[in-house]
Amino acid sequence: MQVHSLLIARRSFVMSAAAATLLPAWASTAAKAEPPLVEVWKSPTCGCCGEWIKHLQANGFATKVNDTGNTGMRGRLGIPKEMGSCHTALVGGYAIEGHVPAVDIQRLLAERPQAVGLAVPGMPVGSPGMDGPVYGDRRDRYQVMLVRKDGRHGVRMPAPEPGDG
């Protein structure tokens, strides 16, 4: 009987050690959140929109693309017409208009301000998606605007100066 008890105790120890080793790895994998989904509305022929989507994906976002144009969705999401650009997106309940850098979207999602979302009006050269080799060394100054729920907007984050990296 002592041998049998010893085998049971050894088996329990081995199982406990295996569980203690494997459980943290499983728990950390299970705890990893899905990447935020950015749903984008754009023209099917807009190349810079596709480049902006690649920028988002390279920075950890999942994307769903609607090649149906963006004007109607911009209005439905509450982005003022003067903040318009060539694509509109929705992520985490926030509207994103234009070539907003991924880092600013990540900050928006982390801080969760009371706002409609972010916008980079127009199509400034040097912004994500408008920064390919075709533009050479040209970099336009632009600002990321926070669009408030009352329709007002203000500078959220100025873009880096050309040459700031």
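In which loop does Arg 112 lie? In this predicted model, in which residues are numbered from 1 along each chain as its sequence is written, local features require pLDDT of at least 70, side-chain atom pairs count only at pLDDT 80 or more, and totals for chains, interfaces and linings use all residues. Side-chain values use heavy atoms, with hydrogens and water left out. Arg 112 lies in the loop between helix 4 and strand 5, where helices (H or I, at least four residues) and strands (E, at least two) are DSSP runs numbered from the N terminus. Its phi is near 50 degrees, a positive value in a residue other than glycine. At 43% relative accessibility, Arg 112 counts as partly exposed; buried denotes under 20% relative accessible area, exposed over 50%, and partly exposed the range in between (1.4 Å probe, protein chains only).

The protein chain contains 4 helices and 7 strands, arranged along the sequence in the pattern α-β-α-β-α-β-β-α-β-β-β. Of its 165 residues, 36% count as buried. The accessible surface comes to about 9900 Å², of which 59% belongs to carbon and sulfur atoms; areas were obtained by the Shrake-Rupley method with a 1.4 Å probe, and for residues only the protein chains shown count as cover. Among contacts with a separation of 6 or more, 55% are accounted for by residues 24 or more positions apart, a contact being defined by heavy atoms within 4.5 Å.

Strand 1 (residues 37–42) and strand 2 (residues 62–66) run parallel and are joined by 5 bridges; strands are taken to pair if DSSP finds at least two bridges between them. Within this pair, Val 40 of strand 1 has Val 65 of strand 2 as its bridge partner. The connection from strand 1 to strand 2 passes through helix 2 (residues 47–58), and this β-α-β crossover is right-handed, a term applied if, with the strands pointing away from the viewer, the path from the first strand over the helix to the second runs clockwise.

Strand 4 (residues 94–98) is largely enclosed by the rest of the structure, because 5 of its 5 residues are buried. Strand 4 pairs with strand 3 (residues 87–91) in the antiparallel sense over 4 bridges. These two strands form a hairpin with 2 residues between them, and Gly 92 in the turn has a positive phi of about 55 degrees. Strand 4 also runs parallel to strand 5, to which 4 bridges join it. The chain crosses from strand 4 through helix 4 to strand 5 in a left-handed β-α-β crossover.

Ile 96 illustrates the setting of strand 4. The residue counts as buried at 0% relative accessibility. Ile 96 is the bridge partner of Ala 89 and stands opposite Leu 118 in strand 5. Apart from neighbours within four places in sequence, the contacts of Ile 96 include Trp 52, Val 91, Ile 105 and Leu 108.

Two of these contacts, Ile 105 and Leu 108, are among the buried residues of helix 4 (residues 102–111), which also include Ala 102, Asp 104 and Leu 109. The buried residues cover an arc of only 160 degrees around the axis and therefore lie on the same side of helix 4; the arc is that of the directions from the helix axis to the C-beta atoms. Val 103 and Ala 110, on the other side of helix 4, are exposed. Helix 4 is followed by Arg 112.

Buried positions also occur in loops. Asn 70, in the loop between strand 2 and helix 3 (71–77), has a relative accessible area of 8% and is buried. The C-alpha atoms of Asn 70 and His 87 are separated by 5.6 Å, although the two are 17 residues apart along the chain. Beyond neighbours within four places in sequence, Asn 70 is in contact with residues including Trp 41, Lys 42, His 87 and Glu 97. Ser 127, in the loop between strand 5 (117–120) and strand 6 (143–147), is buried with a relative accessible area of 0%. Ser 127 touches His 99 and Tyr 142, not counting residues up to four places away in sequence.

A search of the whole structure finds 0 disulfides, a disulfide being a pair of cysteine sulfur atoms within 2.5 Å. The sulfur of Cys 49 is 3.1 Å from the closest cysteine sulfur, in Cys 46, and is therefore too far for a bond. Cys 46 is buried, with a relative accessible area of 18%, and Cys 49 is buried at 0%.
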